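Colleague: I have a model open on my screen and would like to practise reading it with you. Could we go through it feature by feature?

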Amino acid sequence: MNGIEIMKQSVRVHGADKQRDKIVEEMGELTTALMQERDGRVSADAVITEIADVCITAYELALIYGLEKVEAEIDRKLERLRERMTDKTAPNDIKGSDKE
């Protein structure tokens, strides 16, 4: 079973309401990890774990609400972001980037 099938099965087993509650929980854990990392209490690995949990749960919600609709909205928002950044430059804080 691949990742998408696992997430679909999770939605079927747990139900939409449970997944809505789960993302609230996972986002709270990510918020906590980010604050603790900023204060030096946890490593980036803890944040990465929570990001993964949020991404998985968000994808499950996208399956619930309509993956194609969510992907279309992501595309729309990315285009808007690209337009806003056209004339701006900023320091490169992205790990693994070729500008490091």
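**Reading a helical model**

Modeller: Happily! Let's begin with cover: what covers the buried residues of helix 2 includes helix 1 (3-14) and helix 3. Keep in mind that this is a predicted model.

Colleague: Which residues of helix 2 are buried?

Modeller: The idea is to look at relative accessible area, where under 20% counts as buried. In helix 2 that picks out Gln19, Ile23, Glu26, Leu30 and Ala33.

Colleague: How many residues does helix 2 have, and what span does it reach?

Modeller: Here you set the end-to-end distance against the expected rise per residue. Helix 2 covers residues 16-38, which is 23 residues, and reaches 33 Å from its first C-alpha to its last. That is close to the 33 Å expected at 1.5 Å a residue. After helix 2 comes Gly40, with a positive phi near 80°.

Colleague: Let me step back. What is the overall secondary structure of the protein chain?

Modeller: Count the elements, then read their order. The protein chain has 4 helices and 0 strands, giving the pattern α-α-α-α along the sequence.

Colleague: And what radius of gyration does the protein chain have?

Modeller: A useful habit is to compare with a globule of equal length. The protein chain has 17 Å, while a compact globule of 100 residues would have a radius of gyration near 13 Å. The C-alpha trace spans about 45 × 35 × 25 Å along its principal axes. Buried residues make up 15% of the 100 residues, and the accessible surface comes to about 7900 Å², with 57% of it belonging to carbon and sulfur atoms.

Colleague: Where do helix 3 and helix 4 meet?

Modeller: Take the axes, then the residues in contact. The axes of helix 3 (residues 44-65) and helix 4 (residues 67-85) come within 6 Å and cross at roughly 115°. On the helix 3 side you find Tyr59, Ala62, Leu63 and Tyr65, which meet Leu67, Lys69 and Val70 in helix 4. The residues of this contact divide into 6 nonpolar, no polar and 1 charged.

Colleague: One last residue, then: is Leu81 buried or partly exposed?

Modeller: Again, go by the relative accessible area. Leu81 is found in helix 4; its value is 42%, so Leu81 is partly exposed. For distance, compare separation along the chain with separation in space: Leu81 and Ile6 are 75 residues apart along the chain, and their C-alpha atoms are separated by 31 Å.

Note on methods:
Residues are numbered from 1 along each chain as its sequence is written. This is a predicted model: local features need pLDDT of at least 70, side-chain atom pairs count only at pLDDT 80 or more; totals for chains, interfaces and linings use all residues. Side-chain values use heavy atoms; hydrogens and water are left out. Axes are lines fitted to C-alpha atoms, for helices over the stretch in contact, and angles run from 0 to 180 degrees between N-to-C directions. Helices (H or I, at least four residues) and strands (E, at least two) are DSSP runs, numbered from the N terminus. Contact means heavy atoms within 4.5 Å. Ala, Val, Leu, Ile, Met, Phe, Trp, Tyr, Cys and Pro count as nonpolar, Asp, Glu, Lys and Arg as charged, and the others, Gly among them, as polar. The radius of gyration is taken over C-alpha atoms; the globule rule is 2.2 Å times the number of residues to the power 0.38. Buried means under 20% relative accessible area, exposed over 50%, partly exposed in between (1.4 Å probe, protein chains only). Accessible areas come from the Shrake-Rupley method with a 1.4 Å probe; for residues, only the protein chains shown count as cover. The expected span of a helix is 1.5 Å times one less than its number of residues.
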